[in-house]
Structure formats: C-alpha cells, structure tokens
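Colleague: I'd like to learn how to read a sheet and a helix pair in a model. Can you walk me through it?

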Amino acid sequence: MKTTDKKESVRQSAERMLDNYLEMNNHRKTPERYAILKAVYDMNSHFTLEELGGKLNEVYKFPVSRATLYNTLKLFMELRFVIRHRFQGTTKYEACYEGESHCHQICTVCGKVTEVKAPEITETINQMHLKRFRKDGYALYIYGICSTCQGAITRQRKKTNPQ
C-alpha cells in the first residue's frame with residue numbers, strides 16, 4: 001500500500017472513530033472538527049498550532065480560532081489521532097498512523113527536528129516486557145547538533161582562531 005493510500009485510509013478510519021465518539025458522547029459533529037482532522041492528516045511533518053491554523057485558512061479557506069484548534073487537538077490527543085511533542089520550548093504535534101513509533105533527532109542549535117528510522121531500537125522496545133503496563137508506542141528524542149550548524153560552528157571557530 002502506498003504511503004498516500006495508507007494516510008487516506010488512516011484518516012478515513014479516524015473520521016469514523018470521531019463520528020462514533022461524538023455520537024456516543026452526545027457532542028456536536030461540527031464542520032470545524034472534521035476540517036481540522038483532514039488538515040492534521042494532510043500535514044507532512046510535525047506542526048505547530050499556528051501552522052495548522054495557517055493551513056486551514058490558506059488551503060481549505062476555513063479559518064478557525066486558536067481556542068478551537070487547541071480544544072480540538074486536545075480531543076484528538078485523547079482519541080490518539082495526534083501526539084504532542086515538546087521540542088526545546090516549542091510544542092509541536094503530529095498525526096498518529098496506527099501506533100507508528102519512531103525516533104526524532106533534534107538540533108540543539110537551530111531546533112530542526114528530523115525523524116530517524118531505527119529498526120534496532122524498535123525491535124528492542126517491542127521485545128521489552130513491562131510490568132503491569134501495555135505499550136502503545138514510543139517516541140525517542142536524540143539531541144545533538146545537525147551538520148549544517150556544526151559546519152557553521154567550525155567555520156566560525158576558524159575565523160576567530162586562525163592557525
């Protein structure tokens with residue numbers, strides 16, 4: 001299954017789960033909730049509340065308030081549609097795709113976040129037996145300096161300490 005097909009399938013499944021949740025809890029099925037859900041699953045990486053609001057406004061022509069975004073993302077976290085990350089003082093979100101666990105490398109200089117494939121770590125965590133705890137997934141954060149920032153630091157050092 002192609003990545004775009006998988007994303008669409010997961011989004012449709014999330015919509016059905018949202019429908020069921022809202023009906024069972026006597027909540028309104030507002031167009032804002034469904035527009036936000038679609039936008040979340042259309043984001044291609046980690047995003048801030050502001051970036052999500054911008055996408056809703058620019059792409060979907062569907063402006064929503066910051067409070068609506070915040071409250072809806074809070075609901076989506078409870079339903080496990082979205083995971084929240086706190087990267088160096090910045091809160092970012094990302095869509096969950098069927099318990100997809102992964103590692104992040106975070107540059108402590110520029111704040112750039114990239115995802116890393118680490119099958120060895122995934123295998124180790126999958127084999128772990130935790131006492132009185134069911135694993136749903138994991139996110140690992142690896143902090144360091146990206147090659148771009150490291151290059152800039154090296155060039156700066158050469159300028160200030162020529163030998």
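**Reading the sheet and a helix pair**

Modeller: Let's start with the sheet: it is open, has 3 strands in the order β4-β3-β5, and its pairing is mixed. This is a predicted model, where local features need pLDDT of at least 70, side-chain atom pairs count only at pLDDT 80 or more, and totals for chains, interfaces and linings use all residues. Residues are numbered from 1 along each chain as its sequence is written, and side-chain values use heavy atoms, leaving out hydrogens and water.

Colleague: In which sense do β3 and β4 pair, and over how many bridges?

Modeller: Generally, strands of a sheet pair through backbone hydrogen bonds, either parallel or antiparallel. Here, β3 (residues 102-107) and β4 pair in the antiparallel sense over 4 bridges; two strands pair if DSSP finds at least two bridges between them. Strands are DSSP runs of E, at least two residues, and helices are runs of H or I, at least four, numbered from the N terminus. Ile-106 stands opposite Val-113 in β4. With β5, β3 pairs in the parallel sense over 6 bridges, and His-102 faces Ala-139 there.

Colleague: And how do I read α2 against α4?

Modeller: Two packed helices are described by the angle between their axes and the distance between the axes. For α2 (residues 31-42) and α4 (residues 66-78), the angle is about 70° and the axes are 10 Å apart. Axes are lines fitted to C-alpha atoms, for helices over the stretch in contact, with angles from 0 to 180 degrees between N-to-C directions. So α2 and α4 are roughly perpendicular (65 to 115 degrees).

Definitions and conventions
Parallel < 35°, antiparallel > 145°, perpendicular 65-115°, else oblique.
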